[in-house]
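Hi,

Here is the model I promised to pass on. Have a look at it first, and then read my notes below.

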Amino acid sequence: MSSEGVPSSAGERRPFSRPRPFAEEGELDTGQIWGLGKELALLPQRGQRNIHPAWSTPGSHLHSYHISSSPRHTMDSAAKDKIQPTLLPGSSCPGPEWPEQERAEQLARGAALKWASGIFYRPEQLARLGQYRSREVQRNCFLEARIKSVVQSYLEGVQTGVWQLARALEAVQGTREALSQAHHLLQGLSQTSQTLAPLRERVVQHQQLQVLTQLLPRLQAVPAAVAHTQTLIDAQRFLEAYVSLRELEQLQEETWAPLGGLELPIFQGLGLLAEALGRAVEAAAGAAGRLAREDPALLVAAVRVAEVETERTVLGQAPRDWRQRCLRALQEGLERIHFSSPVLPEPGAIAGWLEALQVALPAELATAEALVAPCCPPNYKVVQLWARTLHSGLRRSVQQLLSGPELGAADAFALLHWALHVYMGKEMMGNLELGPEADVSQLEPLLTSENIEQLEAAFVAQVQVSVAQWLQKALDGEVAEWSKEQEPNTDPSGFYHSPMPAIVLQILAENIQVTSLISDSLHRRVQDMALSELAAFLRSFSDALIRFSRDHLRGEAPHYVPYLLAAFNHQSALSSSLPVLLPDGDASGVLAPIESALDDVQRRICRLVLEELQVELQPLFASLPSRQWLLSSELLDGVCEQTSHFCQDFWRVRKPAVQLLLAEAERTVVLQYLRALMQGRLVCRGVDERTQAAERLRHDAAQLKELFLGLGLEESAHCAPVLLALRELLNLHDPTLLGLEVAGLRQKFPDVSEDHVSALLDLRGDVSREHRQAALSSLQAGPPPSPSTGRRALFSLVPTPTPSLSSCLPSGPCS
């Protein structure tokens, strides 16, 4: 199919398939098509409708245009460029003046060409061509009318603007001429003024001479008046001196303005004279306390001069603030009287210095309230000024003290107590005789928290050193007593007694009690320090006991056991008196470490005593058990006699410690008895010997019980009944029941072991291997021991020999 009517890519225009019918009418030329194209270019803006051709498939003719109301179907720029027509050779169009115009023309041409192509290609549209032409003619006429109207309005506006510019130019020219005339006039006046300058200077000089002539008599009297004023100042006649100074300064002001600020040499001494008067007023204010008692009129005169002069201005200078100078002199005078000494109190003299201040400061405040305040205006607030000044001076002195060498314990305590309790108390600043103006409660504290912390730390550290030294002296004195040839001292009740516990408690309690007067924090610190030092003292005491024991082994302690018993009394006294150290509050948690340390010392003393008892009893138990032991009680009689002799001094130990000693002594004897019994030195040869052994155990248990009951041991504390339990094991006739007996023994004494049972079975001498194994098996297979027995360990402290199973025959007794 031919491609007629389709624009080529090169821009040349191919002829349409039906050009002639349109051309024959001769109604539209190229210019009209160009106008129609411009109008059609505006259609997308008016109706938002885009016109784009829909080309037919190959082999078919261009036959229709589709109209879409959506801007999304607008032809892209590339397609538009392809369908833009080129001008015919005979047409002409002026070149665009800017790119936007060229672009608009191209779009208009393309739109006109597309519209015309649709008309040409569709014959049914040719009938309406006349309507189109008439509408375009009307539209062109309307546009031409609007253009003419706009151009006419623009021309009228330009004409009005040109007329206004002409009028403005005429006004500017007139103004320029007026300014030129004024300039010429000013130049003439300047020249005239220069000719009058000498005359003006003559007039000023004449006026100054006239003023000096009028004031000459008064000016001649100025030197004499200055000398007289100085004499009045030296004589402390402040009011007269001030009046004379005011007259001189007023005369100076009268001459200063007419002379144009020229200061005459005759007035040069007035500044020094005023300064001399100010210093004299300051000196009087600095001695306000003395003048209020001796010459209050002089103090009143000085204050009045300061008040009058405060608000006055001399020759444009700043006001003389003599009120502030007076107030500052009052403060400096107070500080100079009480705190001017560069030498601070010596160590140990702070308490006296504070006592002197305790008397002087209230007296100073009373003087200020009664004598100085009536001499000053109410706005001076003299009493409050006195209190604040004294407080500030005292605070600086205290800070200097604290910044120097560290204070001793006595000085730190005195300063803390005085600053925290005396200074603000009724004895000083809180005195009811003083007025409310003297209240310093609103001022900063005399001691800051850092100062209090510093003083408390220094006090505690030094007191700790002192307490440690005193406790060491007490311990050294007690240890020195141990090496004497005589027994310890006793109190009226017969108990061993030493002043050491009372000394220790007194040292600690006094330091704790005295700090309660200062503050709770210092009280707690000293309590902690005291408990710490007491713990250290107990450790030292325990070490001294070990050294005492070594001295005893070397034979250097003639009364070893009595002094141990006396030490037992000491620890009991300390233990019972511990609450004295903490009278306020719950002491259970705080004193727990000390109580534990005391218990350790008591256990050590008890162990040393019992070791001595054990040493004395070991030779007696060396032959137990034996044939002699079976036949006679002589062996145990010796043990009881030796034990009774050893424990004869136990009654000098106070309760309840004596019960502890007796119980441990009885337990030691029983343990020695069990050790000897378990050594296997005796094997019963028959029923008679087993019966004798069982009877001996019963007799020995009764004898030991009687012994310790006689010594004062409570019956509930006895452990000798263990011998009765062993008696039952020996007295059993049927070996097959040994398992039950052993199980019962374990119920009573949970710490009994297989070795102990084997040793007891060896003592019987009639237990076969099978019965032994059955008895030992029942020891493990039996029910667990009852936890409510409450018995202390016995068998676990008794060693046993290694069993010799080779000596046991399969069907006979062990020998």
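Below are my notes on the core, one helix, the salt bridges and a surface patch.

Some housekeeping: this is a predicted model, so I should say that local features need pLDDT of at least 70 and side-chain atom pairs count only at pLDDT 80 or more, while totals for chains, interfaces and linings use all residues. Residues are numbered from 1 along each chain as its sequence is written, and side-chain values use heavy atoms, with hydrogens and water left out.

Let's start inside. The largest nonpolar core (buried Ala, Val, Leu, Ile, Met, Phe, Trp, Tyr and Cys joined through side-chain atoms within 4.5 Å) has 192 residues, and Leu277, Trp386, Leu394, Trp629 and Phe650 touch the most other members. Helix H23 (residues 657-678) gives the largest share of this core, 14 residues. Helices here are DSSP runs of H or I with at least four residues, numbered from the N terminus. In H23, 20 of the 22 residues are buried, meaning under 20% relative accessible area with a 1.4 Å probe and protein chains only; exposed is over 50%, and partly exposed is in between. After H23 comes Gly680, with a positive phi near 75°.

Val467 sits in helix H16 (residues 449-482) and counts as buried at 2% relative accessibility. Leaving out residues up to four places away in sequence, Val467 touches Ile507, Leu508, Asn511, Met529 and Glu533, where contact means heavy atoms within 4.5 Å.

Now the charges. There are 24 salt bridges, each a side-chain nitrogen of Lys or Arg within 4 Å of a carboxyl oxygen of Asp or Glu. One joins Arg325 and Glu275 at 3.3 Å, N to O; Arg325 is in helix H12 (residues 322-339) and Glu275 in helix H9 (residues 270-286), 50 residues apart. Arg325 is buried at 15%, whereas Glu275 is partly exposed at 32%. Both belong to a salt-bridge network with Arg279 and Glu282.

Another pairs Arg525 with Glu453 at 2.3 Å, N to O. Arg525 lies in helix H18 (residues 520-553) and Glu453 in H16, so this bridge ties together parts 72 residues apart in sequence.

Finally, the outside: Phe142, Leu143, Ile147, Val151 and Leu155 make a nonpolar surface patch of about 470 Å². Patch residues have over 30% relative accessible area and no salt bridge, with nonpolar side chains (Val, Leu, Ile, Met, Phe, Trp, Tyr) joined within 5 Å and like charges within 9 Å. Leu143 belongs to helix H6 (residues 129-220).

Cheers

Note on methods. Areas by Shrake-Rupley, 256 points an atom, 1.4 Å probe, with all protein chains shown as cover. Helix = DSSP H or I, 4+ residues; strand = E, 2+ residues; numbered from the N terminus.
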